[in-house]
Amino acid sequence: GVCHLRLRFLHEDKKCPICKQTNDTVIVDKDEWKKFNEYPRWGDEIGAGFIYRQDVGMFFEETYYEQEIIPLFAFSCQKCDFQVDETTKNTGKKNTAQRLLEDHLKSDHRLAM
């Protein structure tokens, strides 16, 4: 799921990395034998227990989404507990979350993104 997410989010590429077939929608599920057409899809819903992320066209199991996917979009430091949150973003400056994290890495850890 993470590789497809990276391709879709960072490169806006909806092609399968193996067969190169374009897939407008991807379902990330631990049931590897369930076929795409077996999901009860109704627009942006495929039933309880799944979350749809429209910007990448992907459905995720709720638990997997909360534990694995949400942290990928958080601007946080891997060296310490620093995280750009709503209170950090509202400093009155015209800084983006990415810029705030870059500044933290450089000043506190002498690292660059």
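Colleague: In which loop is Glu12 found?

Modeller: Glu12 is found in the loop between H1 and S1, where helices (H or I, at least four residues) and strands (E, at least two) are DSSP runs numbered from the N terminus. Residues are numbered from 1 along each chain as its sequence is written, and the side-chain values use heavy atoms, with hydrogens and water left out. Please keep in mind that this is a predicted model, in which local features need pLDDT of at least 70 and side-chain atom pairs count only at pLDDT 80 or more, while totals for chains, interfaces and linings use all residues.

Colleague: What is the sign of phi in Glu12, and is Glu12 buried or exposed?

Modeller: Most residues other than glycine have a negative phi. In Glu12, however, phi is near 50 degrees, a positive value in a residue other than glycine. Glu12 counts as exposed because its relative accessibility is 72%; buried means under 20% relative accessible area, exposed over 50%, and partly exposed in between, with a 1.4 Å probe and protein chains only. Arg110, in the segment after H4, likewise has a positive phi, near 55 degrees, and Arg110 is exposed, with a relative accessible area of 78%.

Colleague: Going back to the loop between helix H1 and strand S1, where Thr25 lies, which residues does Thr25 touch?

Modeller: Thr25, in the loop that runs between helix H1 (2–11) and strand S1 (26–28), counts as buried because its relative accessibility is 14%. Leaving aside residues up to four places away in sequence, Thr25 touches Arg8, Phe36, Arg41, Gly57 and Phe59, contact meaning heavy atoms within 4.5 Å. With one of these, Arg41, Thr25 also makes a polar contact between side chains, at 3.5 Å. A polar contact is a pair of N or O atoms within 3.5 Å; within protein, one must be able to donate a hydrogen and the other to accept it, and residues adjacent in sequence count only if both atoms are side-chain atoms.

Colleague: How many disulfides does a search of the whole structure find, and why does Cys19 have no bond to Cys16?

Modeller: A disulfide is a pair of cysteine sulfur atoms within 2.5 Å, and a search of the whole structure finds 0 disulfides. The sulfur of Cys19 has its closest cysteine sulfur in Cys16, 3.8 Å away, which is too far for a bond. Cys77 is also in no disulfide, the nearest cysteine sulfur being that of Cys80, 3.7 Å away. As for accessibility, Cys19 is exposed, with a relative accessible area of 53%, whereas Cys77 counts as buried at 6% relative accessibility.
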